[in-house]
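Dear colleague,

I am handing over the structure below, with a request that you look through it alongside this message. What I found in it follows underneath.

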Amino acid sequence: MNSFRWYPRPPVTSGDRSVNRDRAPRRRRADIEVLEPAASLTAEEYALFAQIGQQRRVEPGERLFRRGDLGTTMYVISQGSVDLDFGDDLVAKRLGAREFFGELGLLIGDHARSADATVSSPGVLVELRQQEFETLVERDPRLLAHFLRRAIMRVVLNEQSLIGRLRRRNLDLQTALDTLRATTHRLTQTEELTRTDELTGLANRRGFHLHLQQRRRTDEQPGRGLLLIDCDRFKNINDDHGHLVGDRVLQGVANILRSAAGPDDIACRLGGDEFCLMIKGEHRDDVMRVAEFITTTAHALHEMQPSPPQIATLSVGACLVTPDTEWDDWYALADAALYRAKRLGGNRVEWQDDALAPA
Ligand SMILES: Nc1nc2c(ncn2[C@@H]2O[C@H](COP(=O)(O)OP(=O)(O)OP(=O)(O)O)[C@@H](O)[C@H]2O)c(=O)[nH]1
């Protein structure tokens with residue numbers, strides 16, 4: 001039987017013996033797990049440690065040390081229990097009779113504590129400092145060597161489990177990041193879809209107007225031309241060869257517009273068999289050159305295979321876009337020119353009627 005020496009409760013100080021009654025640990029029971037057996041002293045070790053260490057009575061809520069405190073004392077629980085809290089997202093541990101903690105403080109000296117240690121039920125602790133440790137070494141070196149081996153094993157195991165937990169956490173983070181990336185990608189795609197014509201892959205009317213708005217905010221060189229492009233007798237192609245052939249013709253027109261468009265230009269399917277192309281161009285000749293390229297390419301392809309057609313001949317109305325006017329003005333100008341091209345039999349480009357152009 002051990003003879004305990006009882007000490008009055010020590011005054012509130014910093015370090016190992018600090019007591020903090022006002023700050024009892026806030027803890028959920030589910031967060032507390034019982035420490036693995038490796039933290040317990042054997043009966044033989046306990047008898048020796050209790051005989052040589054200093055006995056100390058403790059009360060619930062008493063803070064033995066805080067995370068980061070430098071400590072040189074190891075503790076063995078004789079009676080009662082102590083909670084170790086390693087930080088926000090690590091599982092706290094509740095230690096009971098014969099279990100020990102704080103041994104690194106004793107073995108390394110001035111070791112920064114890795115947990116808050118708080119008494120959770122009334123009891124008695126055995127404290128061992130350097131001088132008691134020396135006595136232990138002298139008294140029973142074999143038993144102490146055995147204890148030290150287990151203490152080292154415990155540190156290694158704790159470290160391994162910490163690494164495991166960090167790995168799992170890292171994996172969770174990785175998964176969360178992947179999900180975020182996939183969601184962002186899906187959203188971007190959805191946004192992209194609302195701006196794009198499904199059949200041809202060109203901008204749709206909405207995409208085109210968003211592009212115009214953006215250009216209005218950033219464009220330093222406003223010299224542009226607008227081409228309105230319409231398939232000739234497209235209804236006949238649908239009627240004679242079916243909608244699938246008609247669809248392929250529309251895709252063929254889109255390909256010609258793509259090949260005519262420069263990096264700063266935008267091609268759009270406005271709807272049905274009507275397209276437009278906004279191109280860089282200060283002068284009529286710049287714009288007409290592109291327009292002629294479009295009609296002659298379509299015509300040449302149409303000649304190569306008239307039936308079933310891969311393309312229709314095209315009519316184009318062309319105009320210059322001035323920065324102080326709006327889409328409706330340009331559209332009216334180009335549409336009037338397109339109407340003329342149609343009336344003249346199609347397969348041609350007509351330039352804006354300058355008399356109609358805004359001053
Ligand atoms: N295959 C196909 N046909 C479409 C699509 N959208 C509209 N159309 C058809 O395109 C045809 C357009 O006919 P119109 O506006 O009369 O034009 P058009 O026959 O080219 O006449 P002109 O312009 O005067 O030469 C209609 O028959 C529509 O049904 C589509 O996505 N695919």
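**Starting from E350**

Not counting residues up to four places away in sequence, E350 touches V316, G317, A318, A337, R340, A341 and L344. Please keep in mind throughout that this is a predicted model. E350 is found in strand β14, which covers residues 348-351, and among its neighbours R340 deserves a second look, as the side chains of E350 and R340 make a polar contact at 2.8 Å. Is E350 buried or exposed? With a relative accessible area of 16%, E350 counts as buried, because the cut-off for that class is under 20%.

**The chain as a whole**

The protein chain holds nine helices and 14 strands, and buried residues make up 42% of its 359 residues. Of the contacts between residues at least 6 apart in sequence, 76% join residues at least 24 apart. The chain exposes about 20000 Å², and carbon and sulfur atoms supply 53% of that area.

**The ligand and its surroundings**

There are 15 residues around the ligand, and those that come nearest are R233, F234, K235, N238 and D247. Sorted by kind, the residues of this shell divide into three nonpolar, four polar and eight charged. Three polar approaches to oxygen atoms of the ligand can be checked on the model. A polar backbone atom of C231 is 3.1 Å from one ligand oxygen, a backbone N or O atom of K235 lies 2.7 Å from a ligand oxygen, and an N or O atom in the side chain of D273 is 2.9 Å from a ligand oxygen. The ligand taken alone exposes 660 Å², of which the protein buries 61%. Which elements give two or more residues to the shell? They are β10 (224-231), α6 (234-241) and α7 (243-260), and α7 gives the most, with four residues.

Two of the residues that come nearest to the ligand can be set side by side. R233 is found in the loop between β10 and α6, and R233 is exposed, with a relative accessible area of 53%. N238, by contrast, lies in helix α6 and is buried, at a relative accessible area of 15%. Leaving aside neighbours within four places in sequence, N238 is in contact with H243 and G246.

**Helix α7**

Since α7 gives the most residues to the ligand shell, I looked at this helix in some detail. Its 18 residues, at 1.5 Å a residue, should span 26 Å, and the C-alpha atoms at its ends are 26 Å apart, so the expected and computed spans agree. The buried residues of α7 are V245, G246, V249, L250, G252, V253, A254, I256, L257 and A260. When you read such a list, it may help to recall that an α-helix has 3.6 residues a turn, so residues three or four places apart point the same way. What covers the buried residues of α7 includes β10, α6, β11 (266-271), β12 (274-280), α8 (284-304) and β13 (314-321).

L257 is a good example from this helix, as it counts as buried at 0% relative accessibility. Beyond its neighbours within four places in sequence, L257 is in contact with L202, I229, A267, F275, C276, L277 and I294. In the case of I294, the two residues are 37 apart along the chain, while their C-alpha atoms are separated by 7.0 Å.

**Backbone points to check**

Most residues other than glycine have a negative phi, and most peptide bonds are trans. Against that background, three places may be worth your attention. R233 has a positive phi of about 50 degrees although it is not a glycine. R98 also has a positive phi, near 75 degrees, and is likewise not a glycine; R98 lies in the loop between β6 (92-95) and β7 (100-101) and counts as partly exposed, at 36% relative accessibility. Lastly, a cis peptide bond joins S307 and P308, with omega about -10 degrees, and P308 lies in the loop between α8 and β13.

With best regards

Key. Residues are numbered from 1 along each chain as its sequence is written. This is a predicted model: local features need pLDDT of at least 70, side-chain atom pairs count only at pLDDT 80 or more; totals for chains, interfaces and linings use all residues. Side-chain values use heavy atoms; hydrogens and water are left out. A residue is near a molecule or strand if one of its heavy atoms lies within 4 Å of it. A polar contact is a pair of N or O atoms within 3.5 Å; within protein, one must be able to donate a hydrogen and the other to accept it, and residues adjacent in sequence count only if both atoms are side-chain atoms. Accessible areas come from the Shrake-Rupley method with a 1.4 Å probe; for residues, only the protein chains shown count as cover. Ala, Val, Leu, Ile, Met, Phe, Trp, Tyr, Cys and Pro count as nonpolar, Asp, Glu, Lys and Arg as charged, and the others, Gly among them, as polar. Buried means under 20% relative accessible area, exposed over 50%, partly exposed in between (1.4 Å probe, protein chains only). Contact means heavy atoms within 4.5 Å. The expected span of a helix is 1.5 Å times one less than its number of residues.
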